[in-house]
Amino acid sequence: MPELPEVETIRLGLSKKIIGLKITKIQLLSPKSFLGNPNLAEGKKVLKIVRFAKMLGIELSGDLTLLFHLKMTGQLIYDDGNRLIGGHPTPDMRDSMPNAHTRVVFSFSDDRSYVSPKAKLKVPATAGFLYFNDQRRFGWVKVIPSVILSEAKDLKNLGPEPLQKEFTWEILKQNLLRHKSQPVKVAIMDQSVISGVGNIYASEACFEAKLDPRKKVKDLTEEEFKSLHQGIITALQNGIKHGGSSRAHFVDPEGKRGYYLDFAKVYMKEGRKCPRCGGVVTKITQAGRGTYFCPKCQK
Ligand SMILES: [Zn+2]
């Protein structure tokens, strides 16, 4: 499932491609995946791309935002000759589009290429297509008036963004204490505690903080809240630095599905050596999800 670093990677990539372009057409191949009236967004210009937790918002002229949630298997692929790929990795991401899992196709045009030939426009940005693919169809796109976005039900209960300065260790502690008896790894995945930390980065954050993921929130010391706070930030930044978990998979020149989380320190690394202390990374199940940690150095 795409998490914060993956969505942030898409945001950065798409921002270079589509800001200033105009949506000329929205084609619904699966009407269920699009909520609202697509005609409202046609003819509108892309002003800005924002991220809320694991959601991506494309802000348009006319006070509208296209809000995307990729959920388990969503992908966003922008093709203008060079393909920008993000989201859940699959071997067919580089094949021709649309494919059997394409739910919505957005067509873009570039008005800037029509300005007077005397204008010093070096290389006009090529218009292209944005494909929203989603094998299991849990993901969605919504068209929402930007002015009510922060009140929309998808956004209003979100906790602080972990990479912004309002996310302090005190806030983390205060929010976590709503789940006193929960294991810390489970509690940090609650989106009202912090935005955007899912299963991958919850394990990674506990590792960075040298904290046993089974430890209950009420047993954390002040020092441990501080190191958990820093651990969350470090784990997410590590993910962003590597382009999110979706990307490394495509380094494989044969296009084979590989370990797309090679940069992770413990996630999916059970049985391997801990990169910090040489202990053995162990997998357990918490709240139905796999947790990876090193019992030797995470106390
Ligand atoms: Zn270790």
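User: How do I read the handedness of a helix crossing?

Analyst: A crossing is right-handed if the near helix is turned clockwise from the far one by less than a right angle, and left-handed if anticlockwise. In this predicted model, helix 1 makes a right-handed crossing with helix 5.

User: Thanks! What else describes a packed pair, and at what angle do the axes of helix 1 and helix 5 cross?

Analyst: Two packed helices are described by the angle between their axes and by the distance between those axes. Here, helix 1 (residues 4–18) and helix 5 (residues 222–241) have axes that come within 8 Å and cross at roughly 40°. That makes helix 1 oblique to helix 5, because angles under 35 degrees would count as roughly parallel and those from 65 to 115 as roughly perpendicular.

User: Which residues make the contact?

Analyst: Helix 1 contributes L4, P5, E8 and T9, while helix 5 brings L236, G239 and I240. By character, the residues of this contact comprise four nonpolar, two polar and one charged.

User: Now the sheet, please. What is the strand order, and which strands are at the edges?

Analyst: The order is 2-10-5-4-3, in an open sheet of five strands with mixed pairing. Strand 2 (34–35) and strand 3 (46–52) are the edge strands, each pairing on one side only.

User: How do strand 3 and strand 4 run, and how many bridges join them?

Analyst: Strand 3 and strand 4 (residues 55–60) run antiparallel, joined by six bridges. To find the pairing on your screen, look for V46, which stands opposite L60 in strand 4.

User: Where does helix 1 touch the sheet?

Analyst: Helix 1 packs on the sheet by touching strand 3 and strand 4. The direction of helix 1 makes about 175° with that of strand 3.

Notes
Residues are numbered from 1 along each chain as its sequence is written. This is a predicted model: local features need pLDDT of at least 70, side-chain atom pairs count only at pLDDT 80 or more; totals for chains, interfaces and linings use all residues. Axes are lines fitted to C-alpha atoms, for helices over the stretch in contact, and angles run from 0 to 180 degrees between N-to-C directions. Helices (H or I, at least four residues) and strands (E, at least two) are DSSP runs, numbered from the N terminus. Angles under 35 degrees count as roughly parallel, over 145 as roughly antiparallel, 65 to 115 as roughly perpendicular and the rest as oblique. Two residues are in contact if their C-beta atoms, placed from the backbone, lie within 7 Å. Ala, Val, Leu, Ile, Met, Phe, Trp, Tyr, Cys and Pro count as nonpolar, Asp, Glu, Lys and Arg as charged, and the others, Gly among them, as polar. Two strands pair if DSSP finds at least two bridges between them.
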